[in-house]
Amino acid sequence: MEYRKLGASGLEVSALAYGAWQLGDKTYWGDSSWEDDEASVQAAFDAGINLFDTAAGYGEGASEEALGKALGKRRDDVLISSKVLPQFCRPDLLRQSCEASLKRLGTDHIDLYHIHWPFYDVPVADAWAVLQEFVDEGKVREVALSNYGPQNIAEWFAVGTSVSNQLIYNLLTRCIELEIIPACEEKGMGIMVYMPLMQGILAGRWDSIDDIPESRRRTRHFSCERSMVRHGEPGCEAELWAAYREIGRICDGAGLPMADVALAWTLANPVISSVIIGGRRPEQVLRNVKALDLRLDDSLIAELNAATEAVKQTLGTNSDMFWGNAGGRTH
Ligand SMILES: NC(=O)c1ccc[n+]([C@@H]2O[C@H](COP(=O)([O-])OP(=O)(O)OC[C@H]3O[C@@H](n4cnc5c(N)ncnc54)[C@H](OP(=O)(O)O)[C@@H]3O)[C@@H](O)[C@H]2O)c1
């Protein structure tokens with residue numbers, strides 16, 4: 001396993017982190033057995049992954065509970081990352097949410113405690129004051145942000161600090177390259193990224209957009225005419241599918257599986273501290289860990305970047321993939 005520094009925190013995090021959303025949210029991700037859940041956490045631990053990501057919002061706490069149970073005695077050997085939802089950032093609710101997370105995780109501290117999405121109904125200073133209390137009380141080791149854009153970051157740093165920003169990033173979703181990565185770098189924040197396989201699409205599993213399960217077809221790439229889509233925009237399906245086919249052609253030409261290439265492309269970006277993978281089965285976790293051995297040469301990276309440039313330009317700077325430019329939560 002490769003370890004990278006997380007911003008100015010002093011924490012060394014594994015280049016791949018384990019995403020536990022899948023553990024507790026069976027409605028969204030489909031069913032899996034407890035044996036598989038536990039074995040996938042074990043496989044991640046055995047492979048040297050030291051960062052395990054969850055959130056109070058995943059399965060309404062079920063993910064935190066499952067992760068705590070699966071880690072068991074290994075908890076002290078790893079870093080746990082969790083998150084509070086933006087609607088619980090009022091001081092009293094923030095305290096309740098953090099304490100409930102600790103209880104579900106079965107631990108006395110959370111190593112990285114994230115604000116899951118920017119909030120707008122509470123002064124930043126009020127939430128920051130409570131987060132500092134958590135640090136003083138030993139409940140939280142480092143405060144972190146998730147899905148924060150340049151304006152959100154500026155407002156946050158006007159009163160507080162944060163060691164990292166957790167953001168969506170994959171070959172087909174490169175919005176953060178435009179403005180958010182520079183804003184994070186300016187503040188010395190580490191960057192953790194999620195959805196590196198675009199929920200499995202970049203594993204080459206589906207032959208047409210219609211075949212993709214509806215819960216994984218909700219982002220701004222897809223038309224608002226499709227079920228479950230909330231962003232109200234036309235999407236960029238033509239550009240998306242042209243890019244997807246071109247990525248497939250490049251991978252076939254290089255004799256490499258698309259999932260490995262997608263992960264290796266993300267890992268090749270030196271500003272990324274850790275890439276969070278979602279794996280419901282130990283085989284997937286091991287498969288994804290193996291992608292760490294794949295080094296893409298500069299010409300292959302340039303080809304992949306060219307193949308996805310049109311999608312990048314069409315999506316623009318808004319990295320909230322689920323709500324449109326009008327109602328987006330990230331600014
Ligand atoms: N901060 C945030 O707002 C935010 C948002 C989303 C996610 N996250 C975090 O990031 C983690 C990862 O995100 P994600 O789950 O969307 O990541 P992802 O890696 O893009 O997608 C995970 C899904 O891809 C499929 N998959 C994984 N490895 C595969 C492989 N080798 N071959 C084929 N298919 C494979 C699996 O689908 P099947 O289950 O169908 O097998 C898995 O559930 C989450 O668990 C969560 O911790 C954070």
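Here are a few questions and answers on how the labels for this predicted model come about.

Because the model is predicted, local features need pLDDT of at least 70 and side-chain atom pairs pLDDT 80 or more, while totals for chains, interfaces and linings use all residues. Residues are numbered from 1 along each chain as its sequence is written, and side-chain values use heavy atoms, leaving out hydrogens and water.

Q: Why is Met198 called buried?
A: Buried means under 20% relative accessible area, exposed over 50% and partly exposed in between, with a 1.4 Å probe and protein chains only. Met198 comes in at 3%, so buried it is.

Q: What makes Glu60 exposed?
A: Its relative accessible area is 75%, and the cut-off for exposed is over 50%.

Q: What is notable about phi of Glu60?
A: It's near 50 degrees, a positive value in a residue other than glycine. Glu60 sits in the loop between strand E4 (51-53) and helix H4 (62-71); helices (H or I, at least four residues) and strands (E, at least two) are DSSP runs, numbered from the N terminus.

Q: Where does Met198 lie, and what is its phi?
A: Met198 is in the loop between strand E9 (190-194) and helix H9 (237-254), with phi near 50 degrees.

Q: How do you know whether the radius of gyration of the protein chain agrees or disagrees with a compact globule?
A: The rule, over C-alpha atoms, is 2.2 Å times the number of residues to the power 0.38. For 331 residues that gives a value near 20 Å, and the chain has 19 Å, so the two agree.
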